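Reader: I would be grateful for a close look at the largest pocket, and then at the interior that accompanies it. Please define each term as it is used.

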Amino acid sequence: MPSVLDQIIDGVREDLAGRESRTPLEQLQRQCEGMPAPRDAEALLRRPGLSVIAEVKRSSPSKGALSEIPDPAALARAYEDGGAAIISVLTEGRRFNGSLTDLATVREAVDVAVLRKDFIVTEYQVWEARAHGADVILLIVAALTNEQIATLMALAGSLGLTCLVEVHDEAEATRAVDLGASVIGVNNRNLKTLEVNTDTFARLAPLIPETCVRVSESGVRGPEEAHLFARAGADAILVGEALVVGGDPAEGVRAMITAGALS
């Protein structure tokens, strides 16, 4: 039986085929000509203290609808006001109710770096990310072969994009390190079962060299988890649900940054 991740990627490929038929790769590449250089997101994440990657996230496969977010730009500006280092924007439509329009809208609204959060499996999607203003892309090790990861990282690097390379077990962490990833995210959610185990980051962090940026993803409900992940060696946390349902996104980001500084 296909895993949840497999099912999501099947849908991503179907939707991608439609976009490719409407917008040829050459057109995307022309859109990228003359664009401002991407922001150095890795440098932002290497600043002292715990960095927060705050997410524009309407829905998820595990929780369903989270927040309507009628104005992604306003939410992104609130995150920026709270001190977020990067704004993550879901662009997958079927399970997360996101879009590339959201990405472009957020890019125009903030000065901080922006991450395209999606299930990237082809070079076309990397060009899409660049054309819509992303500074960072997510590459999920569980969804890709080593050859695919290397190819996508090389293209991203040539475009000035930072890669957040996501892992969720020991074998994937080893693969990411061996492939030369410098920003590695540990997803505390098992993408095959959607279960969250907040001990995952602490278990995998020792496998990731201190020369890498270590990001903890999923399972951050508030400042307490931010503090615990920082103590376990996280340079940054990626937070979505807790911020979109919390009522005051700017204060939510500030509280997590402060808690991380207490580690």
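Author: The largest pocket holds about 550 Å³ of space. On a 1 Å grid over the protein atoms alone, a pocket is an open set of points with protein on both sides within 12 Å along at least five of seven lines, whereas a cavity is a set where a 1.4 Å probe fits but cannot get out; lining residues have an atom within 4 Å of a point. Grid points are joined across faces, edges and corners, and a volume is the space filled by probe spheres set on the points.

This is a predicted model, in which local features need pLDDT of at least 70 and side-chain atom pairs count only at pLDDT 80 or more, while totals for chains, interfaces and linings use all residues. Residues are numbered from 1 along each chain as its sequence is written, and side-chain values use heavy atoms, with hydrogens and water left out.

The pocket is lined by 32 residues, of which Lys 57, Asn 187, Arg 189, Ser 218 and Gly 219 are the closest to its centre. The elements that give two or more residues to this lining are α1, β6 (136-140), β10 (236-239) and α11 (241-244); helices (H or I, at least four residues) and strands (E, at least two) are DSSP runs, numbered from the N terminus. Helix α1 gives the most, with three residues. By class, the pocket lining has 16 nonpolar, six polar and 10 charged residues. Here Ala, Val, Leu, Ile, Met, Phe, Trp, Tyr, Cys and Pro count as nonpolar, Asp, Glu, Lys and Arg as charged, and the others, Gly among them, as polar.

Helix α1 (residues 4-22) also appears in the interior. The largest nonpolar core has 93 residues, and those with the most contacts inside it are Tyr 79, Ile 86, Ile 87, Val 126, Ile 137 and Ile 237. The largest share of this core, six residues, comes from α1 (residues 4-22). Such a core is a set of buried Ala, Val, Leu, Ile, Met, Phe, Trp, Tyr and Cys residues joined through side-chain atoms within 4.5 Å, where buried means under 20% relative accessible area (1.4 Å probe, protein chains only). Val 126 touches (heavy atoms within 4.5 Å) Ile 120, Ile 137, Leu 152, Leu 155, Ala 156, Leu 159 and Leu 161, not counting residues up to four places away in sequence.

The structure also holds one cavity of 30 Å³ or more, with a volume of about 40 Å³. Leu 45, Ile 53, Ile 86, Leu 115, Val 136, Leu 164 and Val 183 line this cavity; the lining is seven nonpolar, no polar and no charged residues.

Terms used:
Buried means under 20% relative accessible area, exposed over 50%, partly exposed in between (1.4 Å probe, protein chains only).
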